[in-house]
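Here is a colleague's note for a first reading of this model, set out as numbered points. Please keep the structure open beside the text and find each residue as it is named.

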Amino acid sequence: MDLYELIGVPRDAGLDQIKRAYRRLARRLHPDINPGDRAAAVRFRLVVDAYEILADPDRRRRYDAYG
């Protein structure tokens, strides 16, 4: 699974663009907004994990090197 595709940004996206896309998805998929929707909860967790990797320059560099 491509983290950039999951969040919906191009590979050359800057941190601001990644942050905006993450916040938009997090608001839409958050478990408090979608109580009982397991699919949204799983996707929310994937989006959070992807953001944590792409927002950290060191982790993003390692992801890009192997992905």
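1. Begin with Arg61, which forms a salt bridge with Asp58, their closest N and O atoms being 3.2 Å apart; a salt bridge here is a side-chain nitrogen of Lys or Arg within 4 Å of a carboxyl oxygen of Asp or Glu. Both Arg61 and Asp58 lie in helix H4, three residues apart, which is about one turn of the helix. Arg61 is exposed, with a relative accessible area of 54%, whereas Asp58 counts as partly exposed at 41%. (Buried means under 20% relative accessible area, exposed over 50%, and partly exposed in between, with a 1.4 Å probe and protein chains only.)

2. A word on where these values come from: this is a predicted model, in which local features need pLDDT of at least 70 and side-chain atom pairs count only at pLDDT 80 or more, while totals for chains, interfaces and linings use all residues. Residues are numbered from 1 along each chain as its sequence is written, and side-chain values use heavy atoms, with hydrogens and water left out.

3. The protein chain has four helices and zero strands, and read along the sequence it follows the pattern α-α-α-α. Helices (H or I, at least four residues) and strands (E, at least two) are DSSP runs, numbered from the N terminus. The C-alpha atoms of the chain fill a box of roughly 35 × 20 × 15 Å along the principal axes, and buried residues make up 31% of the 67 residues.

4. How many salt bridges does a search of the whole structure find? The search finds five, and among them is the pair of Asp2 and Arg11, whose side chains meet at 3.1 Å, N to O. Arg11 also meets the side chain of Asp64 in a salt bridge, at 3.5 Å. This second pair links distant parts of the chain, since Asp64 is in helix H4 (residues 57-66) and Arg11 is in the loop between H1 and H2, 53 residues apart. Asp2, Arg11 and Asp64 are thus linked in a network of salt bridges. Each of the three is partly exposed, with relative accessible areas of 24% for Asp2, 43% for Arg11 and 34% for Asp64.

5. Arg60, also found in helix H4, deserves a separate look. Arg60 is buried yet has no salt bridge, and the nearest side chain of opposite charge, that of Asp64, is 4.1 Å away; for this purpose Lys and Arg count as positive and Asp and Glu as negative, while His and the chain ends are not counted. A polar contact of 2.9 Å does join the side chains of Arg60 and Tyr4. (A polar contact is a pair of N or O atoms within 3.5 Å; within protein, one must be able to donate a hydrogen and the other to accept it, and residues adjacent in sequence count only if both atoms are side-chain atoms.)

6. The largest nonpolar core has 20 residues, of which Ile7, Val9, Ile18, Tyr22, Leu29, Val47 and Leu54 touch the most other members. Such a core is a set of buried Ala, Val, Leu, Ile, Met, Phe, Trp, Tyr and Cys residues joined through side-chain atoms within 4.5 Å. Helices H1 (3-7), H2 (15-29) and H3 (38-55) are the elements that give two or more residues to this core, and H3 gives the most, with seven. Leaving aside residues up to four places away in sequence, Ile18 touches Ile7, Val9, Ala13, Tyr51, Leu54 and Arg60, where contact means heavy atoms within 4.5 Å.
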